[in-house]
Amino acid sequence: MRWAVLLALLALGACKRESKKAEPAKKAAAPQDDSPAWLVGTWQKGSAQEWLLFDPSRGQVAIVSGKPATMKSRGKFKLVGRYLTLEFTRPNGSIEAIDLVVAPDRSRLAVEEGKGFYQRGSPPP
């Protein structure tokens, strides 16, 4: 009788060990990179002579246009998920906001109203 109880306990322990081994290891979720550092560089508006230049460390953005390139506007940006809002203060004190949607691969910034897009591009001349 003792042997039967002992064998039953050993079998039960072996089953528990095997079931723990059979559980798939949980993978840690990949951390989301919410840092705006990927915005650094030049973003050209379609084929026009207009670019966005970002300074993520200060949360600032500038619009540069023309040939030779000159600064047209300077403002701030807010990045929330796939949405980027640019805010520029006009000389009369009003604020102009441009809403952009970030492409999943972060290669393009589309204007929400369908008025074009900005794509990572060559620097201004």
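**Exercise 1. Is Lys72 buried or exposed, and what is its relative accessible area?**

Solution. The model is predicted: local features need pLDDT of at least 70 and side-chain atom pairs count only at pLDDT 80 or more, while totals for chains, interfaces and linings use all residues. Residues are numbered from 1 along each chain as its sequence is written, and side-chain values use heavy atoms, leaving out hydrogens and water.

Step 1. Take the classes: buried is under 20% relative accessible area, exposed is over 50%, and partly exposed lies in between (1.4 Å probe, protein chains only).

Step 2. Lys72 has a relative accessible area of 53% and is exposed.

**Exercise 2. Find the salt-bridge partner of Lys72 and place both residues in the fold.**

Step 1. Apply the rule: a salt bridge is a side-chain nitrogen of Lys or Arg within 4 Å of a carboxyl oxygen of Asp or Glu.

Step 2. The side chain of Lys72 meets that of Glu50, at 3.5 Å from N to O. This pair links distant parts of the chain, with Lys72 in strand β4 (residues 70-80) and Glu50 in strand β2 (residues 50-55), 22 residues apart. Strands here are DSSP runs of E with at least two residues, numbered from the N terminus.

Step 3. Compare the two ends: Lys72 is exposed, whereas Glu50 is buried at 13%.

Step 4. Look for a further partner of Glu50. Its side chain also joins that of Tyr118 in a polar contact of 2.8 Å. Such a contact is a pair of N or O atoms within 3.5 Å; within protein, one must be able to donate a hydrogen and the other to accept it, and residues adjacent in sequence count only if both atoms are side-chain atoms.

**Exercise 3. State how many salt bridges the rule gives, and describe two besides Lys72 and Glu50.**

Step 1. The count is 4 salt bridges.

Step 2. Arg58 pairs with Asp55, with the closest N and O atoms 4.0 Å apart. Arg58 is exposed at 64%, and Asp55 is partly exposed at 26%.

Step 3. Glu96 pairs with Arg90, with the closest N and O atoms 1.9 Å apart. Glu96 is partly exposed at 30%, and Arg90 is partly exposed at 27%.

**Exercise 4. Trace the barrel and find the strand that pairs with β1.**

Step 1. The barrel is closed by 8 strands in the order β1-β2-β3-β4-β5-β6-β7-β8, with antiparallel pairing. Two strands pair if DSSP finds at least two bridges between them.

Step 2. Strand β1 (residues 42-45) pairs with strand β8 (residues 117-120) in the antiparallel sense over 3 bridges. Within β8, Arg120 is the bridge partner of Trp43.

**Exercise 5. List the aromatic pairs and classify their geometry.**

Step 1. Rings of Phe, Tyr and Trp (its six-membered ring) pair if their centres lie within 6.5 Å; planes under 30 degrees apart are stacked, over 60 edge-to-face, and the rest tilted. The count is 2 aromatic pairs.

Step 2. Trp38 and Trp43 are edge-to-face, 6.1 Å centre to centre with 80° between the planes. Both Trp38 and Trp43 are buried.

Step 3. Phe54 and Phe77 are edge-to-face, 5.3 Å centre to centre with 90° between the planes. They link distant parts of the chain, Phe54 in strand β2 and Phe77 in strand β4, 23 residues apart. Both Phe54 and Phe77 are buried.

Notes: Helices (H or I, at least four residues) and strands (E, at least two) are DSSP runs, numbered from the N terminus.
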